[in-house]
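Student: I should like a close look at one part of this model, followed outwards into its surroundings. Please treat the matter as one connected account.

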Amino acid sequence: MQFEVWAPQAERVTLQCEGVTRALERDAARPGWWTGEAEARDGTRYGFAVDDGPVRPDPRSRRQPDGPDGLSAVVDHGRYAWRARWPGRPLPGAVLYELHVGTYTPEGTLDAAADRLGHLVELGVTHVELMPLCPFPGRHGWGYEGVSLWAVHEPYGGPEALKRFVDRAHELGLGVVLDVVHNHLGPSGNYLPVFGPYFTDTHHTPWGSAVNLDAPGSDEVRAFLLGSALAWLRDYRIDGLRLDAVHALADTRAYPFLEELSESVDALAEETGRPLFLIAESDLNDPRLITPRREGGLGLHAQWNDDFHHALHTALTGESQGYYADFGRDPFAALAKTLSGGFFHDGTWSSFRGRSHGRPLDRTRLPAHRLLGYSQTHDQVGNRAQGDRLAASLSPACWPARRR
C-alpha cells in the first residue's frame, strides 16, 4: 500500500507502520509531498515523523481508533456492503432535524441513534443533520473542536457505524446532512502545523490564526479541505454538508474557496447521479453566498437564516436584549419581513453592530428554499446562560393546538 503526506518544509519524513519504520521519499511530481510503500490492510496502525520528531497521526487520517493523539488506522471503504438503493433527496421542501449523536440516545452512539430514526420519520422530518463527527479529545463534546477531518469520533462508533447510520436513514427515506468545520481545528490534538502551513498569521479569527486559504501553501490546504468534504459525500454517501461559520473563512483569492467547493460538490453530484448540497452558516446577510456561480455568486445551495430565528424568537418570548434588540421593536413586522423578503437586515441599521448590515435579496432570482428557517439550533440553545429551550420556557398556549 502507498502512503503519502504533505510536509513541504521537512528535511526528512519517516513512516511508522505496525512498529516498522521506513524513510519516505520526495515525490518529484508533487512538490512538498513524501511517499512510500508498506504492507497494510484495513485497521493497520501507522503514523508519520517529521525531521526525527515524534510520530504523529496522518493529517488525512481516515480513522483514529485511540483518539486524536493516537496512531492513524487504514480504512478500506470497499469492505462495506451498502444495502439501501438511494436516489438522494433534494433540499427544497426539506424538514431538517439537528441531531447530536452523544445526546440523542442514552448510549450516545451512531448505532443506537440509527435504531431510533423511525421517530423522526413519524415526526415528518426529511433530513437528519448530524453535528460534527470528527475526532475530539475525550468522549463528550459538541464536536466543534474536532481534528482529523476525514475520520469519525471513535466513541460514536467510528467509520463503519457512520455507514450503518446513513444506510438505515436512507432505508427509511431520510437524507443525511453532516455539520463540518473548516474555519478552525482543535486546538487539542491538532498536529497539522508539524506538517505544513495549514494556518496563517495573515488573518486572525476568534480561534487564533486563520486556516490558510490564501497565503503561501494554501493550494494544498484548500485541497485538504476539499478532499475531506467530498469524502463525506462520496465514501459515506452523505447527502449534504452544513458549513460552520463561513464568515470566519478568511480568503482574499480571486477564486474563493467556497466557490471552488460548490463547484466540486456539483461535479460530484453529476458523477454520482444524486442531489448533493451545501448549507452555509453565515451572519453576513450577503446574497452572493447563495447566488448561482453563473450569475457571479459563490453557488452554495442554501444558508441558515438567523434573521428568521431572531424574529420568531422575539415574537414568541418578548426578549429584546443583545442581537434581538432590532427585532423586538415590532417583532411581528420583523417576522413578516423575513418571511416575505428573506433578510430583516438588508442594508438597514443594526443597533447591535452599530452600523448598517446586510444586502437585499433579489426574490425574482433566488427561490425561498435558499434560506433555511429554524426555531432553535445548538447555537441558539447552547449559548444561552441556562441552555433553556422554547418548549421549556413557553406556555403551551403559545404553540398551535395539536390536531386529533
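Student: Where does Pro-216 lie? Please take the description from there to the helix packing and the salt bridges.

Tutor: The model is a predicted one. Pro-216 is located in the loop that runs between strand S12 (208–211) and helix H6. With a relative accessibility of 72%, Pro-216 counts as exposed. A distance to another part of the chain places this residue further: Pro-216 and Glu-107 are separated by 109 residues in sequence and by 45 Å in space, taken from C-alpha to C-alpha.

The loop leads to H6, which spans residues 218–235 and includes Asp-219. Asp-219 is exposed, its relative accessible area being 52%. The side chain of Asp-219 forms a salt bridge with that of Arg-253, with an N to O distance of 2.9 Å. Since Arg-253 belongs to the loop between strand S13 (240–243) and helix H7 (257–272), whereas Asp-219 belongs to H6, this salt bridge ties together parts that lie 34 residues apart in sequence. Arg-253 is partly exposed, at a relative accessible area of 30%.

From here one may turn to the packing of the helices. Two packed helices are described by the angle between their axes and by the distance between those axes. For H6 and H7, the angle is about 30° and the axes are 10 Å apart. The crossing of H6 with H7 is right-handed. On the H6 side the contact is made by Arg-222, Leu-225, Leu-226, Ala-229, Leu-230, Leu-233 and Arg-234, and on the H7 side by Phe-257, Glu-260, Leu-261, Ser-264, Val-265 and Leu-268. Sorted by class, the residues of this contact comprise 9 nonpolar, 1 polar and 3 charged.

Arg-234, one of the H6 residues in that contact, also takes part in a salt bridge: its side chain meets that of Asp-235 at 3.2 Å, N to O. The two partners fall into separate accessibility classes: Asp-235 counts as buried at 18% relative accessibility, and Arg-234 counts as partly exposed at 41%. The class of Asp-235 follows from the cut-off, because buried means under 20% relative accessible area. Elsewhere, salt bridges with shared partners link Asp-179, Arg-242, Asp-244, Glu-281 and Asp-379 into one network.

Another helix pair may be set beside this one. Helix H8 (residues 306–317) and helix H10 (residues 331–341) have axes that come within 8 Å and cross at roughly 150°. H8 and H10 are therefore roughly antiparallel to each other, because an angle over 145 degrees falls in that class. Their crossing is left-handed. Asp-307, Phe-308, Ala-311, Leu-312, Thr-314 and Ala-315 are the H8 residues that meet H10, where the partners are Pro-331, Phe-332, Ala-334, Leu-335, Thr-338 and Leu-339. This contact between H8 and H10 divides into 9 nonpolar, 2 polar and 1 charged residues.

Ser-282 occupies the loop between strand S14 (277–280) and strand S15 (302–304). Ser-282 is buried, with a relative accessible area of 3%. When neighbours within four places in sequence are left aside, the contacts of Ser-282 are with Val-246, His-247, Leu-289, Gln-303, Trp-304 and Asp-306. Asp-167 stands 115 residues from Ser-282 in sequence and 30 Å from it in space, C-alpha to C-alpha.

The account of salt bridges can now be widened. The structure contains 28 salt bridges. One of them joins Glu-4 to Arg-30, with the closest N and O atoms 2.6 Å apart. Glu-4 lies in strand S1 (residues 2–6) and Arg-30 in the loop between strand S4 (25–26) and strand S5 (33–37), so the pair ties together parts that are 26 residues apart in sequence. Both partners are partly exposed: Glu-4 at 32% relative accessibility and Arg-30 at 28%.

Thr-35 in strand S5 is in contact with both of these residues. Leaving aside neighbours within four places in sequence, Thr-35 also touches Gln-2, Phe-3, Leu-24, Glu-25 and Asp-27. Thr-35 is buried, at a relative accessible area of 17%.

To return to the starting point, exposed Pro-216 is in the loop between S12 and H6. H6 itself packs against H7 and holds Asp-219, whose salt-bridge partner Arg-253 is in the loop between S13 and H7.

How values were computed
Residues are numbered from 1 along each chain as its sequence is written. This is a predicted model: local features need pLDDT of at least 70, side-chain atom pairs count only at pLDDT 80 or more; totals for chains, interfaces and linings use all residues. Side-chain values use heavy atoms; hydrogens and water are left out. A salt bridge is a side-chain nitrogen of Lys or Arg within 4 Å of a carboxyl oxygen of Asp or Glu. Helices (H or I, at least four residues) and strands (E, at least two) are DSSP runs, numbered from the N terminus. Buried means under 20% relative accessible area, exposed over 50%, partly exposed in between (1.4 Å probe, protein chains only). Axes are lines fitted to C-alpha atoms, for helices over the stretch in contact, and angles run from 0 to 180 degrees between N-to-C directions. Angles under 35 degrees count as roughly parallel, over 145 as roughly antiparallel, 65 to 115 as roughly perpendicular and the rest as oblique. A crossing is left-handed if the near helix is turned anticlockwise from the far one by less than a right angle, and right-handed if clockwise. Contact means heavy atoms within 4.5 Å. Ala, Val, Leu, Ile, Met, Phe, Trp, Tyr, Cys and Pro count as nonpolar, Asp, Glu, Lys and Arg as charged, and the others, Gly among them, as polar.
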